[in-house]
Amino acid sequence: MTSIPAPASRQQPPSTLRRISTFFFKRPNLSLLVMLALPLLWLGVVYIGSLSSLLIQSFFYLDGFSGVVIREFSLTTYQSLFTQANMDIVVRTVVMAAFVTVTCAVLAFPIAYYMARYASYRIKGLLYLAVLLPLWSSYLVRVYTWKIILAQEGIITWFFKLLGLNGLLEGILGLPVIGGSSLSFSLLGMFMVFVYIWLPYMILPINTALERVPKSLIDASSDLGAKPGYTFRKVIFPLAFPGVVAGSIFTFSLTLGDYIIPGVIGNSSFFIGQAVFAQQGTAGNIPLAAAFTVVPIVIMGIYLSIAKRLGAFDAL
Amino acid sequence: MTKKLSVFFMLCLLLGAVSITAAQEGMMTAVGEGEGEVSIVSWAGYIERGETDENFDWVTDFEAATGCAVTNKVAATSDEMVALMNEGSFDLVTASGDASLRLIAGGRVQPINIDLIPSWSTVDERLQNAPWHTVDGVHYGVPYQWGSNVLMYNTDVFPEAPESWSVVFEEQTLSDGASNAGRVQAYDGPIHIADAALYLKYHNPDLGITDPYALDRDQFNAALDLLRQQRTLVARYWHDAFIQIDDFVNDGIVASGSWPFQVNLLQAESHPIGSTIPVEGATGWADTTMMHVNSQHPNCAYMWLEHSLNTKLQGDLAAWFGSVPSVLAACEGNELLGEGGCSTNGLDNFEKISFWRTPVANCGDDRGDVCVPYYEWLTSYIAVIGGR
């Protein structure tokens, strides 16, 4: 018997792929779950999980005799964290991070401003390259190179001597706290290296923020009679401020955690990162190392809440 | 959400609470058939199979003779070694004296039956019962190699070798008319407190220091005072051998405690560098091969312990590392070490050297448990470097 097949049977049966697609289309919640499961697991287990196990570690304590960690809840470790010497380390690190951040912002803003508002297409590309280029070379190589640049026999001292200004350099190095017997042995030298290393992380966010300031607003401001300086203070800077804060989060937190630069340059006074490294490595005092790690977390928490109060995230 | 979080925290706590297995009592009584492999945690250069320089190979023959394939994990610091042994999947470790007692106290290593090591009798008698591996008469390892720290100095500034460590502890005018402030260095590790104690042992006998690694509170505080004084002279402490080399070449440093390693490298580049062991003596290191308490390959491990005392291995290693063999017979007739190689590396300084040991609360003498333990050495030393 021959008959015209029904339209439905003329169609190919739906492919497996199509069936899967339909299955998920009908269940939007399930498809969301499948999409987010892996990233959420990553965030939950790798990030939050390791962070909380770190927090838990900080409530254990070290047995003085065998050096074995006693896994019982105790505040002993926090007691030993709040000693004068450890607080010195915290203050030293925070002050250094603050100075580095402010200096980076002051140096980066004009560069970013020029890149965003005045540079031609060509120059802008070159400037981007100049900012990013150092990031392509090894961090360690750059730090060790600075050790040689800042050394007593290094190029900076040589240059000062050439100009007959070595008295000036010696005068600066003779200052208390920031001085030392040579630039590479001084906190001043360490500060210079920190600023050099983290500057790109400040320039790029500020540049992005400045590029997003609409030209029409600036025109409107001048149409309404504002002088350029006033426009800058009242229009451009407030709109670019979130970029400065974003950059400062990078420079501040990176300086807080770094342990390589203070290990190579400076007068050997400890910074938080080194204290963590020494406590977990040298002393095997993992609870104290964990407690030390909580310090930057708390400081960054305070820092971010201040930034929020300053309105840094309003434009987000 | 808070409930979920707290469950999560509880889980983490439970995981954390899994306790460390207790140390096994007793030791092996016989060495049986090899298990086919053995894993060793060691200092760089301690386990060579001819890959860096084909003349230095003491692994290939061992593997051929015993069928135990050797795997080697290099550690950079004593603390890394302790951490690796705490993880637990290794058989042997070449622990220095500042790690060995920690491993014993933590129950990470097992007693060694020296009757199962035929070459034990060839070990330098001065090392056989050394306190960094022997506790209450029980041996926890086999001596491997030892060496000494030295006072490295610039021969332009010191035409004569300095006689005392005072050049790095006390302010003084050097032969070029300038002060030593800012031109000397000290080691950036808490074990340096022992160097200060050694100096005080000689110059301040009233303190009654007998052992620079067993300091009671008064002795410890006196050492810290000396180190605070040293802080005003030291521009920068050293921990990285290559940075110290750069400091001597480019940053005007003229004297510092150091290792023969840096001295050899600087002299090889014809820099005006000399080294000496001053009148107070010096600190040094002595390494011991120790066996993990849960070693999975105990027979191969014992075979390696025996092999580690082989005279050719001991001599080759001393030549390679700049150290002194623990088997004295290795000093003679070794091609790589040469005649007098052991003397060059410091064999005759043994009596002058106070070997690194982990400071623990138990002083090891009639003073009892009043000594300052290691973790306090660290916090105090950090404070001193920070200017406290």
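**Exercise 1.** Find the residue of strand 9 of chain B that is the bridge partner of Val150(B), then work out how the strands around it are paired.

*Solution.* Start at Val150(B): its bridge partner in strand 9 of chain B is Ser258(B). Keep in mind that you're looking at a predicted model. Next, zoom out to the whole strands. Strand 7 (residues 150-154) of chain B pairs with strand 9 (residues 255-258) of chain B in the antiparallel sense, over four bridges. Now check strand 8 (residues 184-185) of chain B: with strand 9 of chain B it pairs in the parallel sense, over two bridges. One of the links here joins Gln185(B) to Ser256(B).

**Exercise 2.** Work out which residue ranges make up each domain of chain B, and how far apart the domain centres are.

*Solution.* Grab the ranges first: domain 1 covers 2-145 + 285-350, while domain 2 covers 150-258 + 358-385. Then take the centres over C-alpha atoms, and you get a separation of 29 Å.

**Exercise 3.** Describe how chain A and chain B meet, going from the total area down to a single contact.

*Solution.* Area first: about 3300 Å² is buried between the two chains, with carbon and sulfur atoms giving 62% of that. Now count residues: 39 from chain A are in contact with 40 from chain B. For salt bridges, the rule finds four across the interface. Among them is the one between the side chains of Lys147(A) and Asp246(B), at 3.0 Å from N to O. Finally, ask which helix of chain A gives the most to the side touching chain B. That's helix 5, with five residues.

Notes:
Residues numbered from 1 in each chain as written. Chains lettered and ligands numbered in written order. Predicted model: local features only at pLDDT ≥ 70, side-chain atom pairs only at ≥ 80, totals over all residues. Heavy atoms only, no water. Pairing = 2+ DSSP bridges. Domains from an automatic or database assignment. Contact = heavy atoms within 4.5 Å. Buried area = accessible area lost by both parts, 1.4 Å probe.
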